[in-house]
Amino acid sequence: MPSIRTTALTLTLALAVTATVGIAAAPTAEATPRHPTCRGEGVDPSALIRYSTDTVIDAPLTTIWKLQTEVQRWPTWQPPVLTADRLDPGPLHKGSRFLWTTPAPATPTTPATTLAITSTVRQLHNHHCILWSGPATGKGLHIDEGVHLWTFKKVSNGIHVHTEETWTGAQVESDIPTATQALGTGLEAWLRDLKRAAEK
């Protein structure tokens, strides 16, 4: 879901800033591929703004997957997500679209606003990975495209969850350090909230 913080694609823009940074244990090196993908697709390789993080969640994979893919329920376990609506019926699948909103705090160059993020699922492998992308727009703030990847893998002490996201767009690229920090804060918050919700 940052200052320029959207998970637009997640676009975790707002997710990030409203929560404290801090996340779970680092997984074993073998658990994280060098360039993770979902059915061969990953985040934007040329993007200037990017962040990735990992954790291990002690919960069934089915629980974690359900939390992530029942998009309309995100506001029940992610405080920074204000609204989340599916734009098509049925289980999440390749081509599914959803619209969600999240607050974005003020930065030195942008006002506080609420981002509206329209995400489209580009790839999905049930209980293994999901990749979505889309723009995020608020008053005085725009991210052309966020590309957000999640992968899930069983390990000895639970489920290794990896997430990474990239942002592109002239506005966010005008201050890469601030945007990257916002994105990172958002992804860490999202992962922390996912872990908390899955393990309770």
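A disulfide is a pair of cysteine sulfur atoms within 2.5 Å. In this predicted model, Cys38 and Cys129 meet that cut-off, with sulfur atoms 2.1 Å apart. The count of disulfides comes to 1. A search of the whole structure also finds 7 salt bridges. Asp44 is buried and takes part in no salt bridge. Strand 9, residues 158-168, pairs with strand 3 and with strand 8.

**The disulfide**

- Cys38 and Cys129 are the bonded pair, and their sulfur atoms lie 2.1 Å apart.
- Cys38 sits in the loop between helix 1 and strand 3, and Cys129 sits in strand 7 (residues 129-138), so the bond ties together parts that are 91 residues apart in sequence.
- The torsion about the S-S bond is about 70°, so the disulfide of Cys38 and Cys129 is right-handed.
- Cys38 has 0% relative accessibility and counts as buried.
- Cys129 has 5% relative accessibility and counts as buried too.
- In general, a disulfide is a covalent bond between the sulfur atoms of two cysteines.

**Positive phi outside glycine**

- Arg39 has a phi near 50°, a positive value in a residue other than glycine.
- Arg39 belongs to the loop between helix 1 and strand 3.
- Arg39 is exposed, because its relative accessible area is 52% and the cut-off for exposed is over 50%.
- His127 is not a glycine either, and its phi is positive at about 65°.
- His127 belongs to the loop between strand 6 (113-125) and strand 7.
- His127 is partly exposed, with 23% relative accessibility.

**Asp44, a buried acid**

- Asp44 lies in the loop between helix 1 (13-18) and strand 3 (49-57).
- Asp44 is buried but has no salt bridge.
- Arg50 is the nearest side chain of opposite charge, 5.4 Å from Asp44.
- That distance of 5.4 Å does not meet the salt-bridge cut-off, which is within 4 Å.
- The side chains of Asp44 and Ser46 share a polar contact of 2.8 Å.
- Leaving aside residues up to four places away in sequence, Asp44 touches Arg50, Val147, Thr166 and Thr168.

**Strand 9 and its partners**

- Strand 9 is mostly covered, with 11 of its 11 residues buried.
- Strand 3 and strand 9 run antiparallel and are joined by 9 bridges.
- Across that pairing, Thr53 stands opposite Thr163 of strand 9.
- Strand 8 (residues 141-155) also runs antiparallel to strand 9, and 11 bridges join the two.
- Here Leu149 stands opposite Glu164 of strand 9.
- Strand 8 passes into strand 9 by a hairpin of 2 residues.
- In a regular strand the side chains alternate between the two faces of the sheet.

**Salt bridges**

- The whole structure holds 7 salt bridges.
- Side chains of opposite charge can pair when their charged atoms come close.
- Glu70 and Arg73 form a salt bridge through their side chains, at 3.7 Å from N to O.
- Glu70 is partly exposed, with a relative accessible area of 24%.
- Arg73 is partly exposed as well, with a relative accessible area of 41%.
- Asp193 forms a salt bridge with Arg192, and the closest N and O atoms are 3.5 Å apart.
- Asp193 is buried at 3% relative accessibility.
- Arg192 counts as buried at 16% relative accessibility, because the cut-off for buried is under 20%.
- Asp193 also forms a salt bridge with Arg196, at 3.0 Å from N to O.
- Asp193 and Arg196 both lie in helix 5 (residues 176-199), 3 residues apart, or about one turn of the helix.
- Elsewhere, Glu41, Arg122 and Glu145 are joined into one network by salt bridges that share partners.

Technical notes
Residues numbered from 1 in each chain as written. Predicted model: local features only at pLDDT ≥ 70, side-chain atom pairs only at ≥ 80, totals over all residues. Heavy atoms only, no water. Helix = DSSP H or I, 4+ residues; strand = E, 2+ residues; numbered from the N terminus. Buried < 20%, exposed > 50% of the residue type's maximum accessible area, 1.4 Å probe, protein only. Lys, Arg positive; Asp, Glu negative; His and termini not counted. Polar contact = N/O pair within 3.5 Å; in protein donor to acceptor, adjacent residues only side chain to side chain. Contact = heavy atoms within 4.5 Å. Pairing = 2+ DSSP bridges.
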